[in-house]
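This report goes through selected local features of a single model, moving from one residue to the helix that holds it and then to the sheets. Please keep the coordinates open while reading.

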Amino acid sequence: MINMPEVKIGIVAVSRDCFPESLSVNRRKALIEAYKAKYDEKNIYECPVCIVESEIHMVQALEDVKAAGCNALVVYLGNFGPEISETLLAKHFDGPAMFIAAAEESGNNLVQGRGDAYCGMLNASYNLKLRNIKAYIPEYPVGTAEECADMIEEFVPIARAIVGLSGLKIISFGPRPLNFLACNAPIKQLYNLGVEIEENSELDLFEAFNKHAGDARIPDVVKDMESELGAGNKKPEILEKLAQYELTLLDWIEEHRGYRKYVAIAGKCWPAFQTQFGFVPCYVNSRLTDRGIPVSCEVDIYGALSEFIGTCVSQDAVTLLDINNSVPADLYNEDIKGNYDYGQRETFMGFHCGNTSSKKLSFCEMKYQLIMARALPEEVTQGTLEGDIVPGDITFYRLQSTADNVLRAYIAQGEVLPVATRSFGAIGIFAIPEMNRFYRHVLIEKNFPHHGAVAFGHYGKAIYEVFKYIGVDVEEIGFNQPKGMLYKTENPFA
């Protein structure tokens with residue numbers, strides 16, 4: 001995957017000067033050894049300059065991890081820790097920071113060998129709040145060397161998403177389609193998150209596309225598309241135009257990324273796109289998303305933002321789907337009931353015209369878009385990628401700004417069932433525990449749009465921590481609550 005940061009985490013141990021420094025030295029050494037024994041050592045860097053006991057040590061440590069190319073930080077309390085210096089580490093470090101603490105090792109060494117980091121973590125968290133400093137603190141942040149190594153590994157995808165957002169530009173083309181108010185949201189929160197946005201006209205894109213006519217690279221892109229599609233290449237006559245469009249987008253990204261390292265696109269696909277370009281962009285969108293460049297449909301800016309977060313967390317292609325239609329009773333009774341532990345209302349179909357990577361489809365065909373072809377000549381609706389989505393674990397999620405400029409999000413884990421959809425488009429039968437209640441009391445009650453991002457795997461824990469870190473109030477993060485746990489708006493007598 002391209003278009004996402006490589007995370008390098010600096011491990012800095014701290015020590016309160018009235019505690020033995022050797023506790024932090026030895027515990028840091030054990031932590032590094034435990035991480036390297038289990039995980040990729042390229043992810044971490046051990047700061048050897050000093051054990052931070054003072055503000056001067058803090059500056060020295062910061063200079064060292066910066067020189068080493070670290071873009072994320074772990075502050076490790078080997079003992080109680082210096083609450084001022086350790087929190088200043090996080091304040092002055094340009095990137096996400098995490099705080100963890102060492103557990104005591106033995107009941108036979110609780111005099112000179114007792115570090116009290118359990119207590120020190122309380123002071124660290126208090127000082128972080130006093131200084132308005134963001135930091136990630138795990139659910140239980142005190143552990144052995146092996147347990148702390150596991151915590152650091154869980155921090156890696158969280159850090160990758162946060163670093164990615166700090167270097168992201170979203171490029172959009174055209175206003176939202178008519179009757180698509182749901183895809184409209186204030187862009188102020190993008191700037192609050194440190195994300196840049198470049199808004200362009202469809203006419204700008206059309207001009208750039210026409211300038212790519214006859215591009216010498218087109219035949220090679222066509223060959224790559226033919227290889228990917230195989231027998232699913234049902235509209236070979238459109239491949240040259242699709243290749244021309246793909247090159248247009250890739251060149252636009254390079255020419256317009258500016259000082260930003262990462263890019264996502266919020267694209268236009270109707271109502272005038274088809275008649276003017278002569279195709280639909282779905283298949284090209286799927287190819288870019290597969291490489292790590294998310295492309296949302298219908299100028300869904302926050303959809304593109306959500307996709308980028310999931311791409312960074314999962315290091316895999318994601319997709320953006322309509323939370324689309326209910327599963328008919330006959331299909332449920334024939335193929336799901338008795339085979340899978342979900343009620344009918346816990347299932348639904350997630351669909352979009354054809355923006356999902358071919359690697360995430362059980363089978364695929366590149367053809368025309370049925371819904372658009374109901375009102376337009378079929379030949380201008382060609383370019384979708386259709387097929388049933390691969391079965392397996394998924395995370396359905398979205399980050400959104402409300403009309404009154406409040407960040408709001410949801411996360412729900414479930415699965416795509418290995419059941420034929422009997423339908424069209426890039427589509428799958430999704431099953432999420434208590435989906436019916438989640439649908440009513442989160443998606444509807446909190447006014448979320450119909451687009452949801454899909455990560456292929458269970459990544460709810462990491463995505464939740466990303467949302468918290470970037471400033472989404474926990475009261476504004478919805479999830480599919482289990483039975484017996486009422487939503488605030490749920491009628492207890494229903």
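## Glu154 and its surroundings

In this predicted model, E154 lies in helix α5. Because its relative accessibility is 37%, and burial requires a value under 20% while exposure requires one over 50%, E154 counts as partly exposed.

Which residues does E154 touch once its neighbours within four places in sequence are left aside? The contacts are with Y136 and K461. The second of these links distant parts of the chain, in that E154 and K461 are separated by 307 residues in sequence, while their C-alpha atoms lie 9.1 Å apart in space.

## Helix α5 and its packing against α1

Helix α5, which spans residues 145-166, lies across β1, β2, β3, β4 and β5, and runs at about 170 degrees to β4 (97-102).

Helix α5 also packs against another helix. Two packed helices are described by the angle between their axes and the distance between the axes. For α1 (residues 21-38) and α5, the axes come within 8 Å and cross at roughly 60 degrees, and the two helices are therefore oblique to each other. The crossing of α1 and α5 is right-handed. The residues of this contact divide into nine nonpolar and four charged, with no polar ones. On the side of α1 the participants are A30, L31, A34, Y35 and K38, and these meet A145, E146, C148, A149, D150, I152, E153 and V156 of α5.

## The five-stranded sheet

The strands that α5 lies across are β1, β2, β3, β4 and β5, and five strands form an open sheet with parallel pairing in the order β2-β1-β3-β4-β5. Strands β2 (44-46) and β5 (142-143) stand at the edges with a single partner strand each, so one side of each is left without a neighbour in the sheet.

Within this sheet, strand β1 (residues 9-14) and strand β3 (residues 72-77) run parallel and are joined by six bridges. As for individual positions, A13 stands opposite Y76 in β3.

## The four-stranded sheet

Another open sheet is formed by four strands in the order β7-β6-β8-β9, and here too the pairing is parallel. Its edge strands are β7 (196-200) and β9 (295-296), each of which pairs on one side only. Helix α9 (residues 239-256) lies across β6 (168-173), β7 and β8, and its direction makes an angle of about 130 degrees with β6.

Strand β8 pairs with β6 in the parallel sense over five bridges, and K169 stands opposite V263 in β8. Strand β8 (residues 262-266) also pairs with β9 in the parallel sense, over two bridges; I265 has V295 in β9 as its bridge partner, and A266 stands opposite S296 in β9.

## Burial of strand β8

Why can β8 be described as largely enclosed by the rest of the structure? Five of the five residues of β8 are buried, so the description follows from the count. Both faces of the strand are covered, with Y262, A264 and A266 buried on one side and V263 and I265 buried on the other. Two of these residues have already appeared in the pairing with β9, namely I265, bridged to V295, and A266, opposite S296, whereas V263 stands opposite K169.

Technical notes: Residues numbered from 1 in each chain as written. Predicted model: local features only at pLDDT ≥ 70, side-chain atom pairs only at ≥ 80, totals over all residues. Heavy atoms only, no water. Pairing = 2+ DSSP bridges. Contact = heavy atoms within 4.5 Å. Axes fitted to C-alpha atoms, helices over the stretch in contact; angles between N-to-C directions. Parallel < 35°, antiparallel > 145°, perpendicular 65-115°, else oblique. Left-handed = near helix turned anticlockwise from the far one by under 90°. Nonpolar A, V, L, I, M, F, W, Y, C, P; charged D, E, K, R; others polar. Buried < 20%, exposed > 50% of the residue type's maximum accessible area, 1.4 Å probe, protein only.
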